[in-house]
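This report describes one protein model, part by part. Please look at the sequence and the structure before reading on.

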Amino acid sequence: MPRGNGTGPRGQGGGRGQGKGRGLGGCQVICICPNCRKEIPHTPGIPCNSVSCPNCGTLMTRKN
Ligand SMILES: [Zn+2]
């Protein structure tokens, strides 16, 4: 390339688009309330459908 002037080693820290807000990976499970659509992070070991929605008390269901 004729332009090898220092534009090269820059694309290293391009990891910006990945973490939207939290640095969590893609294996995060979400529980969603079928009634009011409230979403809460799934607690490992506790099935979503045994957790009540903090909003309306409906049993949550697994989103993904
Ligand atoms: Zn709810």
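The sections below go from the overall fold to the metal site, the core and some single residues.

## Overall fold

The model is predicted. The protein has 64 residues, and 14% of them count as buried. It holds three strands and zero helices, so the pattern along the sequence reads β-β-β. Among contacts with a separation of 6 or more, 31% join residues 24 or more positions apart.

The three strands make an open sheet with antiparallel pairing, and their order in the sheet is E2-E1-E3. E2 and E3 are the edge strands, each pairing on one side only. Three bridges link E1 and E2 in the antiparallel sense. Across this pairing, Cys-31 stands opposite Ile-40 in E2.

## The zinc site

Which residues are the protein donors of the zinc ion? They are Cys-33, Cys-36, Cys-53 and Cys-56, each through its SG atom, at 2.3 Å from the ion. Along the sequence these donor residues follow the spacing C-x2-C-x16-C-x2-C.

The angles between the four donor atoms around the zinc ion run from 102 to 120 degrees, and the arrangement is therefore tetrahedral. To count as tetrahedral, four donors need all angles between 85 and 135 degrees. For comparison, the ideal angle for four tetrahedral donors is 109.5 degrees.

Two of the donors can be compared by accessibility. Cys-53 has a relative accessible area of 5% and is buried, whereas Cys-56 has 36% and is partly exposed.

## Beside the zinc site

Ser-52 sits in the loop between strand E2 (39-41) and strand E3 (61-62). Ser-52 is partly exposed, its relative accessible area being 43%. From Ser-52 to the zinc donor Cys-33 is 19 residues in sequence, while their C-alpha atoms are 8.4 Å apart. Neighbours within four places in sequence set aside, Ser-52 is in contact with Gly-57, Thr-58, Leu-59 and Met-60.

## The nonpolar core

How many residues make up the largest nonpolar core? There are six: Cys-31, Cys-33, Ile-40, Cys-48, Cys-53 and Met-60. Cys-33 and Cys-53 are also among the donors of the zinc ion. In soluble globular proteins, nonpolar side chains tend to be buried together.

Cys-48 is one of the core residues. With neighbours within four places in sequence left out, Cys-48 is in contact with Ile-30, Cys-31, His-42, Met-60, Thr-61 and Arg-62. Of these contacts, Cys-31 and Met-60 are also listed in the core.

His-42 lies in the loop between E2 and E3. The C-alpha atoms of His-42 and Cys-31 are 5.4 Å apart, and the two residues are eleven apart in sequence. Apart from neighbours within four places in sequence, the contacts of His-42 are Val-29, Ile-30, Cys-31, Pro-47 and Cys-48.

## The salt bridge

The structure holds one salt bridge. It joins Glu-39 and Lys-63, whose closest N and O atoms are 3.2 Å apart. Because Glu-39 lies in strand E2 and Lys-63 in the segment after E3, the pair ties together parts that are 24 residues apart in sequence.

Are the two partners buried or partly exposed? Glu-39 is partly exposed, at a relative accessible area of 38%. Lys-63 is partly exposed too, with a value of 46%.

## Two exposed residues

Arg-37 is placed in the loop between E1 and E2. With a relative accessible area of 62%, Arg-37 is exposed. Its phi is near 70 degrees, a positive value in a residue other than glycine. Most residues other than glycine have a negative phi.

Cys-27 belongs to the segment before strand E1 (30-32). Its relative accessibility is 71%, so Cys-27 counts as exposed; the cut-off for exposed is over 50%. Cys-27 and Asn-64 are 37 residues apart along the chain, and 9.6 Å separates their C-alpha atoms.

Terms used. Residues numbered from 1 in each chain as written. Predicted model: local features only at pLDDT ≥ 70, side-chain atom pairs only at ≥ 80, totals over all residues. Heavy atoms only, no water. Donors = N, O, S within 2.8 Å, 3.2 Å for Na, K, Ca; no water. Tetrahedral: all angles 85-135°; square planar, octahedral: opposite > 155°, others 65-115°. Buried < 20%, exposed > 50% of the residue type's maximum accessible area, 1.4 Å probe, protein only. Helix = DSSP H or I, 4+ residues; strand = E, 2+ residues; numbered from the N terminus. Contact = heavy atoms within 4.5 Å. Core = buried A, V, L, I, M, F, W, Y, C linked by side-chain atoms within 4.5 Å. Pairing = 2+ DSSP bridges. Salt bridge = Lys/Arg side-chain N within 4 Å of Asp/Glu carboxyl O.
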